Every structure is written in structure tokens, then in C-alpha cells.
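Got your viewer open and a selection box ready? Let's take a walk through this fold, one stop after another.

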Amino acid sequence: MEAIIISACTDAGVHIDGASLGAYKLGKYLENKYNVTYINNTSNFIKDKNPKNLQKNLSEINIFNNKLYHTIINSPKFPFTIGGDHSISIGSALASNYKNGNIGIIWFDAHPDYNTFNTTITGNIHGLPLATINGFNNKELINFKIKDYINPKNTVIVGARSIDELEKENLKQAGIKVFTTNDIKKLGIKYVINEALKIALNNTSKIHISYDLDVIDPNIAPGVSVPEKNGLTKKEALIALNLFLEKIDNIASFDLVEFNPLKDINNKTYDISTTILDTLLDKINLK
Ligand SMILES: [Mn+2]
């Protein structure tokens, strides 16, 4: 199945600059082999970084996700979206759910991204997307017509290790299964991914995978906006990737987000990102 590769060039969801450039850079890399569709911020957009504004760049993020959402639902191809900051997954995951109907979601991330406008400390919207996708809150972030939200019962977070106090309450209230990096050390990555697949595929049609590069340890992938130590090892990241390849027929759509070239060291994060992209896109285009 051919993939539509969308380079979602925005970092409106985070006060740190660079993730927009990350999407552009990875898009350019893929142009050697594929057609790439670019989505950009509105031309006159100026990013608000005011720490006191707890709804930073809300209207721009809505405009952006509207474009992304409609690009995905209007294409018959497999949606592969490259961020950009993680706010873009509101558009991509809900579009995939609209197209496929009743999907599950696996969210790879050092942070659960389960804040609401009432619980966010930073006001950076890249900390809110998963709660939005589940319909837990944040209706302000959805101004496109969706069919349904993704069921919290079919939502799994893998690799979390930096969870805000109030966010923890949100996760408990929504009933989200979270595998922390400590769980991964204890249970093994293979077991955790297989459990995650079971939860996400329980009575659903397919799954959306949203992969925030900050899930990987900053020694291996330092080029992200908000790095957190004690992340996945390279070996664990590659085992997870191979398990997805085995389950490729169950995967409906994929995001790779938060590559920040301005924070990268010796192209480490660029190299692992292109490896992930090459591996997955080869397999998707074969299926
Ligand atoms: Mn994230």
C-alpha cells in the first residue's frame, strides 16, 4: 500500500523552536525516494511564547490540524505524518479514526501528553494531544468534524517517565494504561509492546501509532524539544520497531514527531529518525 507522507512543519505547540525545521529536514530526506506533501503554518503566523498564556497558539494549531485532518481523510493512502511538535497528532489520529472507524492508539512518549487547559503548567499544547484525541477534554482544540474520539480503553502509553501531578489524575480518571520506562526495564520491551498491541487491538479495526522521539534516551536521541533521561535504549527502540513490522497489517497510520535539529548532537537523532522512516516506509509500501 502506498503511503502519503506528510511533513507537518509546525512547532506552534511548544515554546522551544526547531520541531518545524525537523519535519522539513526529514521531508527533504524522503524526497530522494518519495513524494512528500508539506503542510505549513499560515504565512503571517508569529509564535506566542508568553509563559503566562496557557492556551498558546490555540487558533493557529486549529488551523494547522484542520489542514492535516482533511489532507488525510481525502487520500486513500496510508497516512504517515512527520512532525512537527506532537500537537499535530490531534489531526492525524482523529483523521485515521474517521477513515478506519474505531481504532486503538499506542502513544510512545516520555510524557503522557494528557493535560487539559485546566491542568497544563506550561500552556504548551504539545502536552495536551492525547487527552484531546480521547475526548477527555480540550474541545477547544477540535474545530473539524470528527466522527468519534479514540476510546480510552484502547489507548496505551509506552515509555512515559515524566508525568505531572495533575496529569496523573487525568490518566487515572480516563483509565489509561501506562507502561513507564521502569515497567519496560522490569517486564522487557517485547512483553510491553505485545501487551500494548493487545489493548489497542481489542475490538478495534486497526491502530494508530504516534511515536514521539523523546521516548528514546537522550544519549541516543538528544535532538528533541523536551528530553528526559532514562529513556529507551537503541536496542529497545529497534525491538519495538521490529514488532511493528510484524504487525504491519494491523497498523492504520503512523506519526513520527518532535525531531528538533536545533538540539541535535552529531546528527544522532537525525540518523535514528531516518532509520525508523526507511524501515517503516519500505514495509508499508510493500503491504
Ligand atoms: Mn509527545
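Start with helix α5: what covers its buried residues includes α4 and β6. Keep in mind throughout that this is a predicted model. Now select residues 165–174 to see α5 itself, and colour E167, N170 and L171, which are buried. Those residues cover an arc of only 95 degrees around the axis, so they sit on the same side of α5. Spin the view to the face turned away from that buried side, and you'll find the exposed residues E165, E169, K172 and Q173. Just after α5, click on G175, where phi is positive at about 75 degrees.

Next, show the strands. How many strands form the open sheet, and in what order? There are 8, running β2-β1-β3-β8-β7-β4-β5-β6, and the pairing is parallel. Put β2 (36–40) and β6 (177–180) in another colour: these stand at the edges, and because each has a single partner strand, one side of each is left without a neighbour in the sheet. Neighbouring strands are turned by 15 degrees against each other on average, direction ignored.

Zoom in on the β2 edge. Strand β1 (residues 3–9) pairs with β2 in the parallel sense over 5 bridges. For a landmark there, pick C9, which stands opposite N40 in β2.

Select 58–73 now, which is helix α2. At 1.5 Å a residue, its 16 residues should span 22 Å, and the end C-alpha atoms are 22 Å apart, so the two values agree. Plenty of α2 is buried, including L58, I61, F64, L68 and I72. Polar residues also turn up among the buried ones, including E60, N62 and N65. What covers the buried residues of α2 includes β1, β2, β3 and α3.

L68 is a good bridge to the next stop. In the largest nonpolar core, which has 78 residues, L68 is among those with the most contacts inside it, along with A8, I105, I106, V158, A196 and I207. Centre on I106: leaving aside neighbours within four places in sequence, I106 is in contact with V156, V158, A196, A200, I207 and I209.

Then go to T181, in helix α6 (residues 181–187). Is T181 buried or exposed? With 24 other C-beta atoms within 10 Å, T181 is buried. Leaving out residues up to four places away in sequence, T181 touches G159, R161, N230, G231 and L232. Draw a C-alpha to C-alpha distance from T181 to N230: the two are 49 residues apart in sequence and 7.2 Å apart in space.

The last stops are backbone oddities. Most residues other than glycine have a negative phi, and most peptide bonds are trans.

- Select N138, in the loop between α4 (129–133) and β5 (155–160). Phi of N138 is positive, near 65 degrees, and N138 is buried, with 23 other C-beta atoms within 10 Å.
- Select N267, in the loop between β8 (251–257) and α9 (268–286). Phi of N267 is positive too, near 60 degrees, but N267 counts as exposed, with 12 C-beta neighbours inside 10 Å.
- Finish on G83 and G84, joined by a cis peptide bond with omega of about 10 degrees. G84 lies in the loop between β3 (78–83) and α3 (89–100).

Key. Residues numbered from 1 in each chain as written. Predicted model: local features only at pLDDT ≥ 70, side-chain atom pairs only at ≥ 80, totals over all residues. Helix = DSSP H or I, 4+ residues; strand = E, 2+ residues; numbered from the N terminus. Buried ≥ 20, exposed ≤ 12 C-beta atoms within 10 Å, placed from the backbone. Pairing = 2+ DSSP bridges. Axes fitted to C-alpha atoms, helices over the stretch in contact; angles between N-to-C directions. Arc of directions from axis to C-beta. Contact = placed C-beta atoms within 7 Å. Core = buried A, V, L, I, M, F, W, Y, C linked by C-beta atoms within 7 Å. Expected span 1.5 Å × (residues − 1).
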